[in-house]
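Q: I have a model open in my viewer and would like to learn how to read it. Could you walk me through a few features?

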Amino acid sequence: MRARRTGGDPVTAAPIFELDWRGGASAARLHRRRPGADALPWGTLDLAAIAPAEAIEARRIWSAGVFTEYASAAAFSALTTALLECGAPVDLAAMSGDIVVDELFHVELCARLTMELGGGVPIAFDLAAIAPLTSAGARPLLRAAEIAVATSCVSEALSVPAMARSHALATHPLVRAVLARLLADEGPHARLGDWFLAWAAPHLAPAERTQLAHLAADTIEAYAPLWQDAACGGCPIPRGLGGHDDVGRAALRATVERGIVLPLSRHGIVLDAGRVAALVAT
Ligand SMILES: [Fe+2]
Ligand SMILES: [Fe+2]
């Protein structure tokens with residue numbers, strides 16, 4: 001993983017998202033906790049067989065993948081702190097902390113794949129803003145619930161079908177192997193929020209549940225382009241990380257109804273049915 005902080009884009013002076021890697025004992029510790037990375041078929045991508053425009057697009061997609069995995073690590077890190085601050089069950093807090101390590105391992109895998117594709121493309125982002133925002137003045141329980149809903153109940157829930165479709169469409173062994181490894185971890189990431197709400201919901205006021213329902217709908221709306229944008233027939237590996245085709249788009253719509261709206265309703269977090277219907281309309 002090549003990357004160092006260089007002070008940002010020399011033209012715009014905007015901070016650029018870059019990674020660093022220490023190696024040695026800290027990397028060895030990560031790989032003891034998350035083994036298997038070196039068994040993936042690295043070095044098998046034949047760049048000469050990929051059209052230059054497609055390779056650039058693949059680098060862009062996987063660079064964005066590195067960023068979203070990094071942002072997920074920050075989100076679960078913030079969630080872990082919020083869970084500790086509201087006295088959530090210790091095993092839930094431990095699970096959230098462990099997911100941070102999952103996401104950092106995913107950062108490594110996506111970054112290595114990006115390097116094999118020819119290197120990352122610049123992403124303008126100030127890491128000081130990477131942690132999720134919560135409502136000003138929210139008490140610890142609500143702060144944890146906000147991060148759990150946006151990060152786990154919505155974002156991670158949608159990443160499972162999106163990644164599954166990417167995996168189904170991917171043809172290269174290395175891309176398939178990386179996606180399979182990421183996908184294997186995503187299910188528990190999506191369940192943590194539900195388990196937290198089962199504990200927290202009895203302590204949430206009706207107004208707080210309404211606020212969380214609005215947040216969930218807003219978060220779903222932010223992802224709606226994944227299934228609303230035109231299907232991508234000629235996208236390069238891994239054909240983006242979204243709906244890709246009618247099968248993937250249908251899976252994302254079904255997840256909104258069955259994997260997000262229904263589970264949240266069981267905790268008294270009821271989304272506006274008309275708004276949801278409009279968001280998943282074909
Ligand atoms: Fe991940
Ligand atoms: Fe995740």
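A: Happily! Let's begin with burial: buried residues make up 38% of the 282 residues in the protein, where buried means 20 or more other C-beta atoms, placed from the backbone, within 10 Å of a residue's own. This is a predicted model, in which local features need pLDDT of at least 70, side-chain atom pairs count only at pLDDT 80 or more, and totals for chains, interfaces and linings use all residues. Residues are numbered from 1 along each chain as its sequence is written, while chains are lettered from A and ligands numbered from 1 in the order in which they are written.

Q: How many helices and strands does the protein have?
A: Helices (H or I, at least four residues) and strands (E, at least two) are DSSP runs, numbered from the N terminus. Here there are 9 helices and 0 strands.

Q: How do helices α2 and α4 pack?
A: We fit lines to C-alpha atoms over the stretch in contact and take the angle, from 0 to 180 degrees, between N-to-C directions. For α2 (residues 52–85) and α4 (residues 140–169) the angle is about 150 degrees, with the axes 8 Å apart. That makes α2 roughly antiparallel to α4 (over 145 degrees).

Q: Which residues of α2 and α4 meet?
A: Two residues are in contact if their C-beta atoms, placed from the backbone, lie within 7 Å. Among them, α2 offers Ala75, Phe76 and Leu79, and α4 offers Arg143, Ile147 and Thr151. The residues of this contact divide into 10 nonpolar (Ala, Val, Leu, Ile, Met, Phe, Trp, Tyr, Cys and Pro), 2 charged (Asp, Glu, Lys and Arg) and 1 polar (the others, Gly among them).

Q: What share of contacts joins residues 24 or more positions apart?
A: Counting contacts with a separation of 6 or more, 77%.

Notes. Parallel < 35°, antiparallel > 145°, perpendicular 65-115°, else oblique. Buried ≥ 20, exposed ≤ 12 C-beta atoms within 10 Å, placed from the backbone.
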